[in-house]
Each structure stands twice: as structure tokens, then as C-alpha cells.
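Open the model in your viewer and keep the selection panel at hand. We will go from one selection to the next.

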Amino acid sequence: MAITYPLTLPTHVTPRTVELTAVNAVAYSMSPFTFSGQAHAYAGQMWQVDVTLPQMRREDANIWIAWLVSLKGQTGRFLIGDPTCTAPQGSANTSLGTPVITDQTGETIDVTGAAASQTDWLVAGDYIQIGAASSATLHQVLQNASTDASGNVTLEVWPGVRGTRSGSITVDNPVGNFRLASNQQSWNVSEASTYGITFGAMEAI
């Protein structure tokens with residue numbers, strides 16, 4: 001059976017650590033004499049992720065190794081999010097309402113179709129997913145946001161929405177598309193026949 005991207009993470013062994021990094025394209029110049037500086041923000045914003053797996057025996061490690069190799073370096077993509085943020089801290093629940101965006105772009109987006117009159121529908125630090133499968137993007141909410149009586153809400157998100165997008169908003173188990181940071185994948189085997197696997201990835205833009 002042909003491999004179809006994006007892949008989902010293997011679930012038989014949970015990663016020991018998942019480190020998410022928010023990267024901004026900012027040029028900063030500082031005077032060597034006064035130390036005063038000036039920053040210029042460019043449009044570039046993306047996630048990076050570093051995953052460390054626990055020590056595993058061969059039968060478990062081989063599933064992860066085959067998954068990594070099947071990405072074929074930076075060719076393939078996979079879906080990942082913050083593993084501890086599978087549900088929002090706010091009151092958002094997609095079983096109440098169908099939140100969507102229509103023709104939105106940038107870091108401030110208007111959402112419609114959410115549950116009405118919800119205080120702190122999403123709170124700072126919550127994540128949302130826009131789109132699904134190959135179009136899924138992961139965004140973090142930067143400020144508490146409440147819905148109005150019509151189920152409308154404005155969100156401040158990072159990274160900003162690229163281009164002009166329409167689609168569904170997912171608040172449970174949000175993920176985005178990533179690709180490996182390197183075309184080389186490696187793993188180590190100890191004298192106790194346990195496998196060590198780590199890998200880095202960047203948002204697929």
C-alpha cells in the first residue's frame with residue numbers, strides 16, 4: 001500500500017519529551033556605543049519541534065524507525081501538536097457550535113459559528129487547528145477570547161494565518177503539518193539492546 005502524507009505519530013510508545021519552539025523572522029540591529037536598537041519584524045513565523053523518545057526494545061523501536069524512514073527525509077509530512085494540550089482550558093467545545101473562519105488572514109482572525117455567549121471560550125495558551133489533514137495548521141491563542149450572543153469571536157493567534165483561508169476550527173487534539181529538519185535520520189543501540197531515538201522537525205509551510 002502506498003504511503004500517504006501527512007502521517008500520524010505512532011501511538012504505541014509515548015514520547016518522553018516534545019519541545020515546541022516558536023520562531024519569528026526578526027532583524028535586530030543594536031548600536032555598539034549606546035546599545036539602543038531597532039527591530040524589524042518580517043512575515044516569517046513557524047513552529048519547530050524536537051522529540052525525544054524513551055529507551056525502547058527492538059520491537060517497539062522498529063515501529064518508530066520505520067515511521068521516520070518512511071518520511072523519506074524532508075519529502076514527507078506528519079501531524080503533531082502539543083501532547084499535553086489535547087483540550088482547551090477555555091469553555092470551547094465543538095459539540096456546541098461549528099466554529100469556522102471565512103477569508104481570514106494574519107494574526108487577528110474572526111471566527112463564526114461557535115457556541116454563543118461563552119466567557120473565555122478560549123484562553124491564552126490554548127491551541128487551535130485550522131483545516132484538516134494536509135491543510136492543517138497549528139496556532140496558539142495569545143489572549144483570552146469570549147464569544148458574543150451570535151457565536152462570533154475574534155482571536156489573536158500565533159503564527160498568523162498565511163494567505164487567505166477559510167475552513168473549520170478544531171479545538172480538541174489540534175495539530176499541524178511538520179516535516180523533518182534533516183534528510184538524515186539516525187538512532188542508537190546500547191549494549192543493553194535498547195534503542196535511543198530523537199528527531200527534530202519544522203512546520204511545513
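Start with five aromatic residues: select Trp64, Trp67, Phe78, Phe178 and Phe199, which together form one aromatic cluster. Keep in mind that this is a predicted model.

Now narrow the selection to Trp67 and Phe78. Their ring centres lie 5.1 Å apart. The planes meet at 75°, above the 60 degrees that edge-to-face requires, so this pair is edge-to-face. Trp67 sits in helix 1 (residues 58-70) and Phe78 in strand 4 (residues 78-80). The two are 11 residues apart, and the pair links distant parts of the chain. Are these residues buried or exposed? Both Trp67 and Phe78 are buried.

Widen the search to the whole structure. How many aromatic pairs are there? The count is eight. One of them joins Trp47 and Trp158: ring centres 4.9 Å apart, planes at 85°, so again edge-to-face. Trp47 belongs to strand 3 and Trp158 to strand 8 (residues 153-170), so this pair ties together parts 111 residues apart in sequence. Trp47 and Trp158 are both buried.

Next, switch to the cartoon view. The protein has one helix and 12 strands. Along the sequence, the pattern reads β-β-β-α-β-β-β-β-β-β-β-β-β.

Colour the open sheet. Its six strands follow the order 1-4-9-12-3-2, with mixed pairing. Strand 1 (7-8) and strand 2 are the edges, and each pairs on one side only.

Zoom in on strand 2 (residues 17-30). Its partner is strand 3 (residues 37-52); the two run antiparallel and are joined by 13 bridges. Pick Asn24, and you will find Gln45 of strand 3 opposite.

Stay on strand 2 and select Tyr28, which is part of that strand. Tyr28 has a relative accessible area of 53%. The cut-off for exposed is over 50%, so Tyr28 counts as exposed. Turn on the surface and add Val26, Met30 and Phe35. With Tyr28, these residues make a nonpolar surface patch of about 470 Å².

Finally, zoom out to the whole protein. Its C-alpha trace spans about 60 × 60 × 30 Å along the principal axes. Of the 205 residues, 38% are buried. About 11,000 Å² is exposed, and carbon and sulfur atoms supply 51% of that area. Last, display the contacts between residues at least 6 apart in sequence: 73% of them join residues at least 24 apart.

Terms used:
Residues are numbered from 1 along each chain as its sequence is written. This is a predicted model: local features need pLDDT of at least 70, side-chain atom pairs count only at pLDDT 80 or more; totals for chains, interfaces and linings use all residues. Side-chain values use heavy atoms; hydrogens and water are left out. Patches are made of residues with over 30% relative accessible area and no salt bridge: like charges are joined within 9 Å, nonpolar side chains (Val, Leu, Ile, Met, Phe, Trp, Tyr) within 5 Å. Accessible areas come from the Shrake-Rupley method with a 1.4 Å probe; for residues, only the protein chains shown count as cover. A salt bridge is a side-chain nitrogen of Lys or Arg within 4 Å of a carboxyl oxygen of Asp or Glu. Helices (H or I, at least four residues) and strands (E, at least two) are DSSP runs, numbered from the N terminus. Buried means under 20% relative accessible area, exposed over 50%, partly exposed in between (1.4 Å probe, protein chains only). Two strands pair if DSSP finds at least two bridges between them. Contact means heavy atoms within 4.5 Å. Rings of Phe, Tyr and Trp (its six-membered ring) pair if their centres lie within 6.5 Å; planes under 30 degrees apart count as stacked, over 60 as edge-to-face and the rest as tilted.
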